[in-house]
Amino acid sequence: MLAHIKGALERKEIDVLRQAMAQAEWEDGASTAGANAGDLKRNQQLPPDSEISRALGKRLLSSLLASPAFVSAAVPLHIYPPLFDRYGVGDHFDPHVDNAIRGDAMTGARIRVDLAATLLLSDPDEYEGGELIVEDLYGSRTFKPPAGDLILYSAGSLHMVTPVTRGLRLASFIWLQSMIRADEARSFICDLDESIQDLAPRVGTEDPDLRRLVTVYHNLIRYWGEA
Ligand code: NI
């Protein structure tokens, strides 16, 4: 699964996050890289258990969960506290897949990592390099979108961030467990949900055919979903 959600975060929210990040203390990003990815990753991150990282993460999630496009594509069940990272000149993250299970040291909660999301907080003209490359069934795709855009992809697909050669690339990073485990099933549900959202203003929510589609949507979630 690979989805590019444009404008997932509004500019004023990006500014709030960036102002807070500019004053925060950063650490080496290797601590969340997983046992095999430590050598592949070179960047900095806000310490994941720090008050600031948790507060910004909470703020970010409340915006994202209000985005119908994000909820429709991810169908989130559990979301790991968002991480915040920055790539300066020479920083990169070589090709890897993410760990399947992720535990939160603060709460002990564990999630199965179905999906990963990168939310850009820098605009493309602020840095060179730093492209997100994700492999999917049809080959690799390269992303360098505007700040506020979110790239959602299967955590099990190979992905990387190319070395930054100028400037600073700020991003937030999210792992989540979806109610719908299988990518294929999730994409059917996402298509259906988007069609319902597009149709509703045209035919009205009282329309019997639209109601039937909504029923199918809920029944598919009931059939495939975990809660
Ligand atoms: Ni990764």
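**Exercise 1. Find which residues hold the nickel ion, and where they sit.**

Start with the metal: His96 (NE2), Asp98 (OD) and His159 (NE2) coordinate the nickel ion at 2.1 Å. Donors here are N, O and S atoms within 2.8 Å of the metal (3.2 Å for Na, K and Ca), and since water is not among the atoms, sites may look incomplete.

Before going on, a word on the model: it is predicted, so local features need pLDDT of at least 70 and side-chain atom pairs count only at pLDDT 80 or more, while totals for chains, interfaces and linings use all residues. Residues are numbered from 1 along each chain as its sequence is written, and side-chain values use heavy atoms, with hydrogens and water left out.

Next, read the spacing of the nickel donors along the chain: H-x1-D-x60-H. Asp98 is in the loop between β7 and β8 (101-103) and His159 is in strand β15, so this pair ties together parts that are 61 residues apart in sequence. (Strands are DSSP runs of E, at least two residues; helices are runs of H or I, at least four; both are numbered from the N terminus.)

Last step: are Asp98 and His159 buried or exposed? Both are buried, where buried means under 20% relative accessible area, exposed over 50% and partly exposed in between (1.4 Å probe, protein chains only).

**Exercise 2. Describe the largest cavity and what lines it.**

First, count: there is 1 cavity of 30 Å³ or more. On a 1 Å grid over the protein atoms alone, a cavity is a set of points where a 1.4 Å probe fits but cannot get out; a pocket is an open set with protein on both sides within 12 Å along at least five of seven lines; lining residues have an atom within 4 Å of a point.

Then get the size: about 260 Å³ for the largest cavity. Volume is the space filled by probe spheres set on the points, which are joined across faces, edges and corners.

Now look at the walls. Of 25 lining residues, Asp85, Tyr87, Phe93, His96 and Phe173 are the closest to the centre of the largest cavity. At least two lining residues each come from β6 (83-87), β7 (92-96), β15 (159-161) and β17 (169-178), and β17 supplies the largest share, 5 residues.

**Exercise 3. Work out how β6 fits into its surroundings.**

Check burial first: 4 of the 5 residues of β6 are buried, so this strand is largely enclosed by the rest of the structure.

Then look for partners, remembering that two strands pair if DSSP finds at least two bridges between them. Strand β4 (residues 44-45) joins β6 through 2 bridges and runs antiparallel to it, with Gln44 opposite Arg86. β17 pairs with β6 over 5 bridges, also in the antiparallel sense, and here Tyr87 stands opposite Arg169.

**Exercise 4. Trace the open sheet of 5 strands.**

Begin with the order, β3-β7-β15-β12-β13, with antiparallel pairing. At the edges, β3 (41-42) and β13 (139-143) each have a single partner strand, so one side of each is left without a neighbour in the sheet. Inside the sheet, 3 bridges link β12 and β15, and Ile133 faces Met160 in β15.

**Exercise 5. Place the largest pocket.**

Its volume is about 450 Å³. Domain 1 (2-178) and domain 2 (183-224) both give residues to the lining, so the largest pocket lies between them; the domain bounds come from an automatic or database domain assignment. With 6 residues, α4 gives the most to this lining.
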